[in-house]
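Load the model in a viewer and keep a selection box open. The stops below are in walking order.

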Protein chains: 2
Amino acid sequence: MTESRSLSRRTLLGSAAAGGAALAFGSLSGEAEAATTSGSLPSSVDVVVVGAGISGLVAARNLVAEGKSVLVLEARDRVGGRVLNHTLSGGAVIESGGAFVGPTQDHVLALAKELGVETFKEYVDGKNIYVPGLLGPMKYTGTVPPDPAILPDAFLLQTRIDQMSKQVPVDAPWTAPRAKEWDSITVDQWIRQASVVPKVQDVLLSYFQPSFGTDAKNMSLLFFLWYIATAGNEKNAGTFERSSGTAGAAQDSRFVGGSGQIPLRMAAQLGDRVALNAPVRRIIQSAAGVNVVTDRGAVRAKRVVVAVPPPLVVGIDFAPILPPRRLQLMQRMAMGTLMKCDAVYATPFWRKKGLSGSGLNTKGAVRVSFDNSPPDASVGVLLAFVGGSTWETYGTMPLAQRRKAVLEGFAAIVGKEALNPIEYVEQDWTHERWTMGSPIASPSPGAITSFGSTIREPHGLVHWAGTETSTYWSGFMDGAVRAGERVATEVSAAF
Amino acid sequence: MTESRSLSRRTLLGSAAAGGAALAFGSLSGEAEAATTSGSLPSSVDVVVVGAGISGLVAARNLVAEGKSVLVLEARDRVGGRVLNHTLSGGAVIESGGAFVGPTQDHVLALAKELGVETFKEYVDGKNIYVPGLLGPMKYTGTVPPDPAILPDAFLLQTRIDQMSKQVPVDAPWTAPRAKEWDSITVDQWIRQASVVPKVQDVLLSYFQPSFGTDAKNMSLLFFLWYIATAGNEKNAGTFERSSGTAGAAQDSRFVGGSGQIPLRMAAQLGDRVALNAPVRRIIQSAAGVNVVTDRGAVRAKRVVVAVPPPLVVGIDFAPILPPRRLQLMQRMAMGTLMKCDAVYATPFWRKKGLSGSGLNTKGAVRVSFDNSPPDASVGVLLAFVGGSTWETYGTMPLAQRRKAVLEGFAAIVGKEALNPIEYVEQDWTHERWTMGSPIASPSPGAITSFGSTIREPHGLVHWAGTETSTYWSGFMDGAVRAGERVATEVSAAF
């Protein structure tokens, strides 16, 4: 790590700390210490948390509040995992990772409030644009484009998805009455059997690719229905609309200062309880406790929380090894392929044209776009998700070629002014060693019914967090918070 | 490692060496040195091979023959990977892992001949037994039980599988004309669409479970058809019968002294070029070459061959990280769940009753059985494969309960004498840290068409072997040999 980088990290943590709400942190109070980036680790703590994403940080925070000594071990030189702020050259902040938040995501909203991070509504005024293949663009509002060729089928499909998802228990999808049947077919196969018109399948891609980083052809129908079921809370059953929509749904709002403020402020509160540059290589359990071996040395703990994506779990050397069914599940949960591409303009020029910036296109690099401007609209930002098979085409191109394709995609939605941004930023999560893809890990067909019941089963003294283990809003920041809270309660109860 | 264990290892390697054919091994000649089990590694070699399974050992052997300096790094305290001999208490040898060999598996047969390891025919005299659910047992010969309720459908299905598999290029299944369609549905779904009677699906499980360690519900149709296409050689297209049958097919013969002799003799020839107890943690490439970091220290190399199962590739820390598409493929190839259960009797008593010991059962722990007696029939051994959903039921039971179920399964096939063995041995590969399941890794639906083309693409100075990378007999010992030979040629050409 270069010095300049280290310096900027400390600055980030410092500025985040200033905004953090007070928390009764045992020995820690007043001025926050920074996370450590090198040097020796404490020789022993009550609980080691592996991974300083939102889930791990929430677990650590709650355990500290319970009086436990905690150390969070993070492989990277930063906290936040799949949540990452990016500062544009003009100073405005956008997100390179998870960004949106919406109703029923109560846990991340409560956490943000506590941390002093405010929300603002995603810009949805004006019309969305739908570009249906060879036809010209069509204006619409809401979630589904009013193409008479797709509306009836889209409505029917959405109704069926909602009805079927209600038969899938959020905490035990493997017990759904038709679990085995639904887990043995792909979503793609099911949609084709449902005889919807191909255009609906095209529109659905603009939902699947950003949500999963994969197309319907790779996905278990049972997993998909469960995912929809989790798009709610204890009082509101999940629906396709709440999972996929903007206003009133999962993309309703964003965080002022960027979602990255949430992990940054938690890390600032935790101070030197967070150790960066400390990839965990081995987790060795014995009668005496757990020994966690990192590149910065080993730490002994009474309990360990692992809060990293499933493919990274496969990469940790556990002794004794994971129970076979758990190991199978981890082998069968692959991260998606997804990148976020942002183009920055002097102003959000589309708004004056009566456009929202939201768009759907059935071809090209930009299958789906959003207005990603900062709350003060000091600059205009358009965001494209490039995922799944669209990533396979465009994510593997040279940058200049992809940039051109993305800008042309934006131009098809908001007009040719989009071809000349003042800045272009992209983040490809498939290049991230310590995430291995994005946005979430999807179990392959058969995995949930065969091995899914191990998802939250502790392995001796090792417990599991991460958004993939949540029973609501799995795959979202809210799921990460819920999982962190659940595991903290679980670990506390074990002491 | 305890001393007694270390001693027995040296003895095994010593006795294997005695039978090995001479090989022009550069500096090594005459008395073989043993593999090292501790201590420092050489600081640099031309080629490091990761994994001392058959594929890695073949690669090492061929590279040594080309005059390269080679070091094979093996995580375990033994060589052989998924191939492992087991000595029964009376002294006879059986296999706990890969065992069978058959026509068109020319490469492993040639290697065995060169190493002085002979083959003998799997016992198939007498009748096989088919236990179709509630009905009593039925005698038959050949591969498919003559149940009039299943024969027509089984024949039709087999014909279709063979025809379709011929459209899948063994070296590039992602280019098959219907690749995308076939990769987006599971085998289970396809079979149900083919409207075969449920009994045929039951019988098919006795093929899927030992072959893949998984059921049809988890498997891409394209992968399955490709796997069948690889069950042959350059002159003989693969067929379902050759992949699944006994006499004249994949289970035609076994090796005298156990298949374990093949890796043991190669390792004995390689001598101290094999380092045990040396799990590879990091592979770091730079302009100066590759640095391979193990628990026994680091080794520099000009090229590296990785010959381990895909989930173990995910666990190695590569710098730079694997190309995203390769990383995705590795995340989407899960090992199966499979155990081998052997019951040992004073004699192969079933032979006198006119039975082969081969059986199929549509329920219970023993879905498929084979006569696994040594060539001199000094004892009688029955072998059951317990895989896939059958493993999920029986593999997770306490040993005593499973033993009872397996013996009852044998009894249903050869009679109640099977209930009282003199010895019972089982090997569950899902408990093996350095294999993570068995017998092979199957890509999940969508993985081959999206990412399959990276299967043999070198990552800079890192090359790939292992049976999963073979274009013939992938998943078999023959595929492991072919992959090792191919990678040795590839690496040699790069020098």
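**Stop 1: a hairpin in chain B**

Start at Gly364(B), which takes a positive phi near 85° in the hairpin of S16(B) and S17(B), where six residues lie between the strands. The model is a predicted one.

Now select residues 355-361 of chain B, which make up strand S16. Seven of the seven residues of S16(B) are buried, and the strand is mostly covered. Add residues 368-371 of chain B to show strand S17, which runs antiparallel to S16(B) and is joined to it by two bridges. Which residue of S17(B) is the bridge partner of Leu360(B)? Val368(B) takes that place.

Next, select residues 127-131 of chain B, strand S6. S6(B) runs parallel to S16(B), with four bridges between them. Leu360(B) turns up again here, as the bridge partner of Tyr130(B) in S16(B).

**Stop 2: annotated positions in chain A**

Move to chain A and select Ser55(A), Glu74(A), Ala75(A), Val280(A) and Glu468(A). An unreviewed UniProt entry gives these positions the feature "binding site". Two of them, Glu74(A) and Val280(A), are visited here.

Glu74(A) sits in the loop that runs between strand S2 (70-73) and strand S3 (85-87) of chain A. Is Glu74(A) buried or exposed? Its relative accessible area is 4%, so Glu74(A) counts as buried. Show the surroundings: beyond residues up to four places away in sequence, Glu74(A) touches Gly51(A), Ala52(A) and Gly53(A), as well as Ala275(A), Leu276(A), Asn277(A), Ala278(A) and Pro279(A). For a polar contact, draw a distance from the side chain of Glu74(A) to the backbone nitrogen of Arg76(A); the value is 2.9 Å.

Val280(A) belongs to strand S10 of chain A, residues 280-286. Val280(A) is buried as well, at a relative accessible area of 10%. With neighbours within four places in sequence set aside, the contacts of Val280(A) are Val50(A), Leu73(A), Val292(A), Val293(A), Thr294(A) and Ile316(A).

**Stop 3: the two copies**

Show both chains. A turn of 180° with a shift of 0.0 Å along the axis lays chain B on chain A, with an RMSD of 0.0 Å. The copies are therefore related as by a two-fold rotation axis. To find the axis from chain B, select Gly315(B), whose C-alpha is the nearest to it in that chain, at 1.7 Å. Of the interface residues of chain B, 100% are also interface residues in chain A, so the copies meet through the same surface.

**Stop 4: aromatic pairs**

Colour the aromatic side chains. Over all chains there are 38 aromatic pairs. Select Phe212(A) and Phe223(A), an edge-to-face pair at 5.8 Å centre to centre and 70° between the planes. Phe212(A) lies in helix H7 (residues 198-212) and Phe223(A) in helix H8 (residues 221-229) of chain A, eleven residues apart. Phe212(A) is buried, with a relative accessible area of 0%, and Phe223(A) is buried at 3%.

For a pair in chain B, select Tyr345(B) and Phe349(B), edge-to-face at 5.2 Å centre to centre with 85° between the planes. Tyr345(B) is buried, at 3% relative accessible area, and Phe349(B) is buried at 14%.

Finish in chain A with a cluster linked by ring pairs. Its members are Tyr207(A), Phe208(A), Phe212(A), Phe223(A), Phe224(A), Trp226(A), Tyr227(A), Phe240(A), Trp473(A) and Phe476(A).

Definitions and conventions. Residues are numbered from 1 along each chain as its sequence is written. Chains are lettered from A and ligands numbered from 1 in the order in which they are written. This is a predicted model: local features need pLDDT of at least 70, side-chain atom pairs count only at pLDDT 80 or more; totals for chains, interfaces and linings use all residues. Side-chain values use heavy atoms; hydrogens and water are left out. Buried means under 20% relative accessible area, exposed over 50%, partly exposed in between (1.4 Å probe, protein chains only). Two strands pair if DSSP finds at least two bridges between them. UniProt positions are given in the numbering used here, feature names are shortened, and annotations may be inferred rather than shown by experiment. Contact means heavy atoms within 4.5 Å. A polar contact is a pair of N or O atoms within 3.5 Å; within protein, one must be able to donate a hydrogen and the other to accept it, and residues adjacent in sequence count only if both atoms are side-chain atoms. Copies are superposed by least squares on the C-alpha atoms of residues with pLDDT of at least 70 in both. Rings of Phe, Tyr and Trp (its six-membered ring) pair if their centres lie within 6.5 Å; planes under 30 degrees apart count as stacked, over 60 as edge-to-face and the rest as tilted.
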